[in-house]
Amino acid sequence: MAPSLEIAGLVKRFGDKTAVDHIDLNVPQGSFYGLVGPNGAGKTTALSMAVGLLRPDGGRALVHGVDVWEEPLRARRLMGVLPDGLAMPERLTGRELLTYLGQLHGLSAEEVDGRADELLAVMELDGSAERTLVVDYSTGMRKKIGLATTLLHAPKVLVLDEPLEAVDPVSAATIKRILKRFVEGGGSVLISSHVMALVEELCDTVGVMARGRVVAQGPLDEVRGGRSLEETFVDLVGVTIGGGEGLSWLAS
Amino acid sequence: MVGVLIRMKLAVLRHSTTDAKMALSGLGRTVGICLAVTTLVLACLDFSHPRLLMDLLAVTFALWALGWMVGPIFAGEPALNGEHFHRQPIPRRTLAMGLLAAALVAVTTAITLLAFCALIVFAARLSRAAVVVSVPAVVLLLLLVVLLSRVVTLLFRSLARSRLGGVVTATVTAAMVSLSSFSWVLIIGVSLLLEYGFPPAFSTVVRALPTSWGLLAVEAAGRGDWPWAVGPLVALAAVVVALFLAWSALLGPQRTARPVVRGSSAHKAARRGPLFRGDQGAVYLKELRTWWRDPVRTQGIVMGPAFSIITVLFPLIFGFTAGFPFVGAASALMAAATCANLYGQDGTALWLTLTIPGKEKADVRARQLAWLTVFGPLTLALTILGCLLHGDASLVPWALAGTLAALGGGSGLLAWVSVNALVPGPDPHKSKNSPMDHGDVTGQSFLMSFLVALVMCPALGVAWAGHALELPALLWASVPVALLTGVLCHVKLGSVAARTLRDKGPELLHLMRSGKPTSTTEGTGEDADTSPFTTMSGKRQTLMWSAMAVGILGLFPQGLAPLGIKLSGSPDKVWFLALHVPEPWQWPVIAVMIVIGLAGSWGAYLVYRTEKNRLRAAPLVASGTRG
């Protein structure tokens with residue numbers, strides 16, 4: 001069985017800096033994969049290349065065996081993608097946005113309306129928020145409408161960059177439940193995060209990135225080996241935790 | 001504070017300068033220095049009319065001030081603004097002082113200062129006392145224009161957040177651009193002025209402007225009239241202080257709420273009319289909603305027509321109405337020039353287009369159609385209205401052909417330029433409270449107006465041939481020719497743009513995400529498809545844009561426009577050089593101007609082609625050295 005997402009030797013350089021250095025990742029079918037790493041480890045760059053938003057300098061990304069860069073049209077149908085912090089068609093309401101995207105995905109009118117109804121209700125973006133334009137959404141609402149757009153066309157794999165950042169606990173619980181149901185139904189999810197607790201709670205497989213490389217990956221329990229993920233992470237990334245020294249002038 | 005902010009500004013500029021930006025600002029600087037030197041030379045000239053020199057200088061200073069006010073509307077916000085510091089515990093007055101000092105450290109300020117030294121030159125011709133008065137006058141004048149520019153930017157910024165404010169901003173901007181372009185009258189029509197001077201009413205108005213007060217003071221000092229030498233200076237200082245206080249008051253966070261535009265209800269959002277079915281229909285509906293709801297787009301809608309209408313109204317002073325029929329064509333041209341940053345404006349929203357399978361073509365086509373829907377009926381109505389008001393049927397084919405060619409050419413070039421010369425700026429949701437905070441689209445607007453004007457040439461050429469050979473059928477044939485070139489442009493360039501979007505989508509997204517083009521394509525063999533505009537060296541860009549500017553100036557305002565007027569048999573000379581020389585020389589001057597214009601355009605094209613060839617050859621050379 002082909003993995004739902006396979007990344008083989010992806011490389012990206014920006015000038016002299018190698019942001020992603022020949023990484024290999026395997027997201028098995030039906031798994032909930034968490035990609036963790038400190039800020040600047042190359043998570044966003046790696047995910048952008050894996051979903052076709054940033055052209056790699058080398059390497060391949062395959063979704064259910066379909067090359068994202070060779071056969072983009074087939075690959076895009078299989079994926080639901082949510083990048084972090086990017087713009088959307090800002091002058092549409094949530095429903096208008098979902099209707100627009102549903103139409104482009106080739107769904108029938110009834111299907112689009114039905115799915116948009118359900119998605120808006122689940123994300124609590126209907127009712128009083130019905131006529132609010134996306135440009136006026138709060139950060140949490142933007143995340144939720146973004147997630148709704150990724151689910152709309154019923155993809156097989158979800159690739160989500162920091163899906164729960166800046167989302168309130170209630171909405172976060174909703175999103176987590178949706179994602180868990182998606183995996184139970186046979187879908188696969190790849191999320192990036194730097195919140196270890198979240199990854200431990202949701203994911204069955206983890207990958208750890210540092211300085212553009214994958215330093216460990218595998219089933220969660222194997223990677224953390226009886227410790228907490230945070231301890232393992234600090235060991236793997238090889239950093240010392242700052243904040244103990246200096247700053248004597250602060251609150252003195 | 002002052003030193004810190006100056007260093008900070010220099011650091012920001014150092015880090016945000018790209019090759020293309022350097023080239024454009026280099027070109028701008030050259031033009032600026034030329035204008036400043038012209039102003040200085042003006043102050044040295046002798047005129048038969050004693051009042052004329054002062055009037056000319058007053059008008060010139062007013063034009064400089066106008067330039068300072070209009071500049072930021074195209075070039076975006078200054079490098080440092082109050083928003084950057086609103087969380088720091090700095091008193092506003094101190095912050096304003098620091099920002100003012102930082103604003104003064106700029107090439108533009110230096111060039112303006114050079115121009116304003118004309119006041120000292122003027123004083124030197126009067127008396128030593130006048131020179132003493134002129135020095136503080138120059139300083140105050142400089143402070144006046146810099147502060148005026150900052151205050152106007154802030155006012156526009158808070159206005160432009162609403163759609164109604166967008167209309168006001170666009171109209172005022174259009175009026176200022178139009179007024180500035182009237183400096184033609186000064187430069188070309190100077191022979192007229194030499195004979196008669198300015199009308200007294202005009203010179204009274206111009207002298208009443210604060211930009212002329214320094215001049216009044218200097219002149220009075222020259223006469224030894226001390227109350228009149230000190231009075232205007234004190235008044236000018238008071239205006240400067242008032243502007244400074246207004247600016248420091250406006251610097252803080254915005255206190256008025258942004259008017260919120262509401263979307264449609266659930267019922268309406270789900271309804272689809274027959275026009276909005278299919279891929280293209282979906283994008284088309286999204287675009288129309290955006291045109292209707294986004295204040296920035298409102299500004300775009302109003303700008304072109306407002307500029308054209310104001311521009312044809314000005315020559316009414318001379319009783320010249322031949323511009324009326326062309327108001328629609330000019331609107332279409334301006335609309336294309338000011339709305340060409342289609343994808344740049346939407347920012348990183350491009351990711352959605354890139355993750356949906358194969359909808360690039362529908363996206364481009366729908367955007368073209370939405371632009372045509374917004375501007376097509378509007379400009380055609382303006383053309384018809386203009387023709388009716390003017391009443392001369394002989395200009396109708398010209399006007400119709402011009403409008404149709406500009407609309408078709410505009411919709412095609414718009415798509416092409418928006419992907420090939422994209423100007424990145426902040427994402428719309430990040431700049432929703434500061435709509436003036438956008439990329440510098442000056443170069444893109446110039447490029448667009450040049451290209452659209454080029455597309456209008458075949459149709460207008462046919463019209464000209466028809467007129468010259470006195471064949472009405474041929475004259476009217478320009479209309480179908482315009483339609484044909486328009487449709488061709490729309491279809492062909494739209495397809496090319498869609499292909500570029502498909503092939504270079506990730507690169508465009510990266511450009512908008514990071515504000516810089518990808519620098520890592522070397523060695524991957526992709527260079528052949530990179531746009532020459534992004535890779536061209538600073539020197540070459542300067543060369544290309546200058547050649548293009550010469551091309552536009554020679555071909556249109558100084559070549560084809562007087563040609564049209566001469567052919568229409570109108571006795572008006574307006575501000576066209578060719579019409580002011582003696583009769584036997586008029587045709588040669590027009591011909592020379594057209595040749596200069598064509599040469600300029602050709603030169604620009606040559607530079608572009610060389611760069612393109614170099615890009616094609618580069619990967620081969622690279623692989624050759626590797627192998």
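These are my notebook entries on a predicted model with chains A and B.

**Entry 1: chain A as a whole**

I began with the inventory, and chain A has nine helices and 10 strands. Its C-alpha trace spans about 55 × 50 × 40 Å along the principal axes. I then checked the radius of gyration: for 252 residues a compact globule would come near 18 Å, and chain A, at 19 Å, agrees with that. Burial came next, and 49% of the 252 residues of chain A count as buried. I also looked at how far apart in sequence the contacts reach. Among contacts in chain A between residues at least 6 apart, 67% join residues at least 24 apart.

**Entry 2: the four-stranded sheet**

Which strand order does the open sheet of chain A have? I read it as β2-β1-β4-β5, four strands with antiparallel pairing. The edges are held by β2 (17–27) and β5 (66–67) of chain A; each has a single partner strand, so one side of each lacks a neighbour in the sheet. I followed β4(A), residues 58–63, to β5(A) and found the two paired in the antiparallel sense over two bridges. A:Val63 is the residue opposite A:Val66 of β5(A). A reminder to myself: strands of a sheet pair through backbone hydrogen bonds, either parallel or antiparallel.

Helix α1(A), residues 43–51, lies across β1, β2 and β4 of chain A. I noted that α1(A) runs at about 120° to β1(A).

**Entry 3: A:Ala61**

I picked one residue of this sheet, A:Ala61, which sits in strand β4 of chain A. Is A:Ala61 buried or exposed? It has 25 other C-beta atoms within 10 Å, and the cut-off for buried is 20 or more, so A:Ala61 is buried. Setting aside neighbours within four places in sequence, I listed its contacts as A:Ile7, A:Leu10, A:Met49, A:Ala50, A:Val68 and A:Trp69. I also took one longer distance: A:Ala61 and A:Ala216 are 155 residues apart in sequence, and their C-alpha atoms are 19 Å apart in space.

**Entry 4: the β9–β10 hairpin**

Further along chain A, I stopped at β9(A), residues 205–210, and β10(A), residues 213–219. They pair in the antiparallel sense over six bridges. A:Ala210 stands opposite A:Arg213 of β10(A). The hairpin has two residues between its strands, and A:Arg211 has a positive phi near 45°.

**Entry 5: helix α3 and the border with chain B**

I spent a good while on α3(A), residues 94–104. How many of its 11 residues are buried? The count is 11 of 11, so α3(A) is largely enclosed by the rest of the structure. Charged names turn up in that buried list too, including A:Arg95 and A:Glu96. After the helix comes A:Gly106, with a positive phi near 80°.

Then I turned to the partner chain. I found 39 residues of chain A in contact with 40 residues of chain B. On the chain A side, the elements giving two or more residues are β1 (5–14), α2 (72–78), α3 and α4 (109–122). The most comes from α3(A), with seven residues. By class, this side of chain A has 18 nonpolar, seven polar and 14 charged residues.

A:Tyr100, in helix α3 of chain A, made a good example. It has 24 C-beta neighbours inside 10 Å and therefore counts as buried. Beyond its neighbours within four places in sequence, A:Tyr100 contacts A:Pro89 and A:Leu92 in its own chain, and B:Ala282 and B:Lys286 in chain B. The C-alpha atoms of A:Tyr100 and A:Pro89 are separated by 9.8 Å, with their positions 11 residues apart along the chain counted as their spacing.

**Entry 6: two helix pairs in chain B**

I closed with helix packing in chain B. The axes of α21(B), residues 396–420, and α23(B), residues 472–514, come within 6 Å and cross at roughly 5°. That angle makes α21(B) roughly parallel to α23(B). Their contact has 23 nonpolar, 11 polar and one charged residues.

The second pair is α7(B), residues 128–159, with α12(B), residues 210–223. These pack at an angle of about 175°, with axes 8 Å apart, which means α7(B) is roughly antiparallel to α12(B). Among the residues that meet there are B:Ala137 and B:Leu141 of α7(B), and B:Gly214 and B:Ala217 of α12(B). Here the classes come to 12 nonpolar, four polar and no charged residues.

Methods: Residues are numbered from 1 along each chain as its sequence is written. Chains are lettered from A and ligands numbered from 1 in the order in which they are written. This is a predicted model: local features need pLDDT of at least 70, side-chain atom pairs count only at pLDDT 80 or more; totals for chains, interfaces and linings use all residues. A residue is buried if 20 or more other C-beta atoms lie within 10 Å of its own, exposed if 12 or fewer, and partly exposed in between; C-beta atoms are placed from the backbone. Two residues are in contact if their C-beta atoms, placed from the backbone, lie within 7 Å. Two strands pair if DSSP finds at least two bridges between them. Axes are lines fitted to C-alpha atoms, for helices over the stretch in contact, and angles run from 0 to 180 degrees between N-to-C directions. The radius of gyration is taken over C-alpha atoms; the globule rule is 2.2 Å times the number of residues to the power 0.38. Angles under 35 degrees count as roughly parallel, over 145 as roughly antiparallel, 65 to 115 as roughly perpendicular and the rest as oblique.
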